[in-house]
Amino acid sequence: MSQLSGLEIRGLRVSFDGFTAVDGVDLDVAPGDLRFLIGPNGAGKTTLVDAVTGLVKAQGSVLFGGAELLGRSVHRIARSGIGRTFQTATVFEGLTVLQNLDIAAGAGRGMLTMLRRRKGVPEPVARALETVGLTDLAHSPAGTLAHGQKQWLEIGMLLVQDVRLLLLDEPVAGMSHDERQATGELLEHISEERTVVVIEHDMDFMRSFARSVSVLHAGRVLSEGTVAEVQADPRVQEVYLGHAAAGDAALGSAGPTLPDEPEPSGGTASGRTGAAVQEV
Amino acid sequence: MTLFKGAPAAPAGKSPSVLAGRPARAWAGFAAAAVALFALAPLALSDFRLGLLAKYLCTAMVAVGICLAWGRGGLLTLGQGVFFGLGGYAMAMHLKIADAGPGNLPDFMQLYGTASELPWWWRPFGNPLVALAATVLLPMAVAAVLGSFIFRRRVKGAYFAILSQALAAAFAIWLIGQQATTGGTNGLTDIQGFFGYDLDDPVNQRMVYFVIAAVLLLLIALVRQLIHSRYGELLVAVRDSEERVRFLGYDPANVKLVAYVVAAGTAGLAGALFVPAVGIISPAMIGIVPSIEFVIGAAVGGRASLAGAVLGAIGVAWAKTALSEEFPAAWTYFQGLLFIVALAFLPGGLVSLAGIVRRRRAAATALPSGGAA
Ligand SMILES: Nc1ncnc2c1ncn2[C@@H]1O[C@H](COP(=O)(O)OP(=O)(O)OP(=O)(O)O)[C@@H](O)[C@H]1O
Ligand SMILES: [Mg+2]
């Protein structure tokens, strides 16, 4: 495994025809962090990831392991060790799980290897299959996988791609409680060797697994810190709940999808799921 | 280490990979094709019919490339006539120079009397090795230049198809305009010899047929290897989700370029071998209409499958001869209809019918017995 690298974003700005979706963001992600990026719909979370991965043009500076990323093409940024997933799982539906992973593992392959047939299962691919629990489905077309399995396949693809930074856009959306738990544990495991940034709306998931949190609102970083610090921040409560005073009343009920999740003590948790956030 | 102990087991356990080549079946198909081309056809067909088949096989060579570029790579190559023409003209220029004999101008140049000596760009084709290499390398080089321009600028889908068409049209128009050096609308006609062999001799015509059949099989084997290689898998990935491939660290432009260049090479070779088989190459054989016809065969047979594309190309070319003799006016419409029907209702082409029937039958037999596979 290559050494850990962190992300250093300064003054990042993305505009679409006059509308500024990311408005001067400064963000530091320490090497090996498991950072959650939260914020209401339209806060600019996905756009931020798009800017870092080269999909949209941006101003400012994004340093990864000390090297500037802005201005590089998408595939070069990917080759420098950054992988991402998308809000809607995108795998190669017509190819098998194994083929998906083998392609993800292969950006560095030479001409001759490319022109030859794949013989068997490469070791890193086998390990990734095992890790994301898709070994039995290796030969199924990716298009036939269940929703959650596609998201695991995407994570598996990032593992074989051997990226040092994973940017995951809502990786547990649509998953059952058990699947979320498993995914969270997987992310914890991954972040022992890599830096992980997760965009999520599910606050319970965030509380369980975040090592640090950044809250984005209207294209700016509203708050940053540990889960407890962010939850205690009145500005965050304001954004999520309209105003802080209403907060305590609303915080009594846990998110409907997670009935068996214990409420954290302190009662400042903004126990809200994606559906609730959308009301803001 | 497995984190997903309780990972739900989806039904499909060991269904074969969608792209896994079935070597046994492929070898059987290959052997059958060889027997048909080298034993059955020469025995069963008259010299005239065998000559027609040679022509169809050239169309099939173009289809082999289209199968790779379009079927696997999603590049709707509606301008293969350009590369077919480059290969064809390269070959025909050499044969015309050879027919004329040392020191003489090709007949049509003498006729127009405008050129007193061979134009400079004709001269390299006087050398047989240069001409032979050019039939393949020239189209590939042109495709490499065009392709890197087109794919880097992310020209895709219908725009790519229209651009390809425009190139084919422009090339044909340019050839027509250069009457004195290209033969204009007539093209390069009345080709007599093929590397010292008299093409009027039926024995030599048979030899040309055998060369064409052998080259076709070779191209099929080559492209099959490409399709089943890692590159072939990547090409399908680019077809299905170019953006995703980019995020994995590949440049999709390069991936598409390889398929485009290989397809140009097969079309060039097809054009080159078409010339001794038919004795002529002209702008009418490389413009918009023939370019579309190349694609129709592959579409009808099944563009993503080599067998489908090749058989489709041969079948449609044969149908064209048979039907356009009887109903010359109706053929064009029928062909257009065929294309639309294939694209709209049977995107996998005729070969996909076999799969559909097999699946239906499997489902029918599996149901009553409880679905044990
Ligand atoms: N290509 C685009 N053109 C114009 N506006 C865009 C574009 N992409 C995003 N936006 C706008 O930028 C803002 C930020 O969008 P973004 O997708 O980054 O939000 P998000 O935080 O990811 O939201 P969500 O939680 O709903 O995914 C939104 O107002 C969105 O409408
Ligand atoms: Mg988003």
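D23 of chain A is a buried residue, with a relative accessible area of 17%, and I would like to begin there, keeping in mind throughout that what we are looking at is a predicted model. The limit for calling a residue buried is a relative accessible area under 20%, so the 17% of D23(A) falls on the buried side of that limit. Its partner is R220(A), and the two form a salt bridge in which the closest N and O atoms are 3.0 Å apart. If you follow the chain between them, you will find that this pair links distant parts of chain A, since R220(A) sits in strand β10, residues 220-225, while D23(A) sits in strand β2, and the two are 197 residues apart. R220(A), for its part, is partly exposed, with a relative accessible area of 48%. As general background, side chains of opposite charge can pair when their charged atoms come close.

How many salt bridges does a search of the whole structure find? Over all chains, the search finds 27 of them, and I will pick out a few in chain B.

In the pair R152(B) and D251(B), the side chains meet in a salt bridge with an N to O distance of 3.4 Å. Here again distant parts of the chain are linked, with R152(B) in helix α5, residues 128-152, and D251(B) in the loop between α10 (242-247) and α11 (252-278), 99 residues apart. R152(B) is partly exposed at 44% relative accessibility, whereas D251(B) is buried, at 18% relative accessible area.

The next pair is K320(B) with E293(B), whose side chains meet in a salt bridge at 3.2 Å, N to O. K320(B) belongs to helix α13, residues 306-326, and E293(B) to helix α12, residues 288-301, so this salt bridge ties together parts of chain B that are 27 residues apart in sequence. K320(B) is partly exposed, with a relative accessible area of 30%, and E293(B) is buried, with 18%. Salt bridges can also share partners, and in this way D102(A), R109(A), R118(A), R230(B) and E233(B) are joined into one network.

Let me turn now to the ligands, starting with the magnesium ion, which is ligand 2. Which protein atoms act as its donors? They are OG1 of T46(A) and OE1 of Q87(A), lying 1.9 to 2.4 Å from the ion. These two donors also come from distant parts of the chain, because T46(A) is in helix α1, residues 45-52, and Q87(A) is in the loop between β6 (82-84) and α3 (97-104), 41 residues apart. Both can be described by their accessibility: T46(A) is partly exposed at 25%, and Q87(A) is partly exposed at 39%.

T46(A) and Q87(A) appear again around ligand 1, where they are among the closest of 14 surrounding residues, together with N41(A), T47(A) and H201(A). Some of the contacts can be described atom by atom. A polar side-chain atom of N41(A) is 2.6 Å from an oxygen atom of ligand 1, and a polar side-chain atom of Q87(A) is 2.8 Å from an oxygen atom of the ligand. G42(A) contributes through its backbone, with a polar atom 2.9 Å from an oxygen atom of ligand 1. Taken on its own, ligand 1 has 640 Å² of accessible area, and the protein covers 63% of that.

As for where the shell around ligand 1 comes from, β2 (19-29) and α1 of chain A each supply at least two residues, and α1(A) gives the most, with three. By character, the residues of this shell divide into five nonpolar, seven polar and two charged.

I will finish with the backbone. In general, most residues other than glycine have a negative phi. Where, then, is D162(A), which has a positive phi of about 60° although it is not a glycine? D162(A) lies in the loop between α6 (147-161) and β7 (165-169) of chain A, and is partly exposed, with a relative accessible area of 36%. In chain B, D190(B) also has a positive phi, near 60°, in a residue other than glycine. D190(B) is found in the loop between α7 (179-182) and β1 (193-194) of chain B, and at 47% relative accessibility counts as partly exposed.

Definitions and conventions:
Residues are numbered from 1 along each chain as its sequence is written. Chains are lettered from A and ligands numbered from 1 in the order in which they are written. This is a predicted model: local features need pLDDT of at least 70, side-chain atom pairs count only at pLDDT 80 or more; totals for chains, interfaces and linings use all residues. Side-chain values use heavy atoms; hydrogens and water are left out. Donors are N, O and S atoms within 2.8 Å of the metal (3.2 Å for Na, K and Ca); water is not among the atoms, so sites may look incomplete. Helices (H or I, at least four residues) and strands (E, at least two) are DSSP runs, numbered from the N terminus. Buried means under 20% relative accessible area, exposed over 50%, partly exposed in between (1.4 Å probe, protein chains only). A residue is near a molecule or strand if one of its heavy atoms lies within 4 Å of it. A polar contact is a pair of N or O atoms within 3.5 Å; within protein, one must be able to donate a hydrogen and the other to accept it, and residues adjacent in sequence count only if both atoms are side-chain atoms. Accessible areas come from the Shrake-Rupley method with a 1.4 Å probe; for residues, only the protein chains shown count as cover. Ala, Val, Leu, Ile, Met, Phe, Trp, Tyr, Cys and Pro count as nonpolar, Asp, Glu, Lys and Arg as charged, and the others, Gly among them, as polar. A salt bridge is a side-chain nitrogen of Lys or Arg within 4 Å of a carboxyl oxygen of Asp or Glu.
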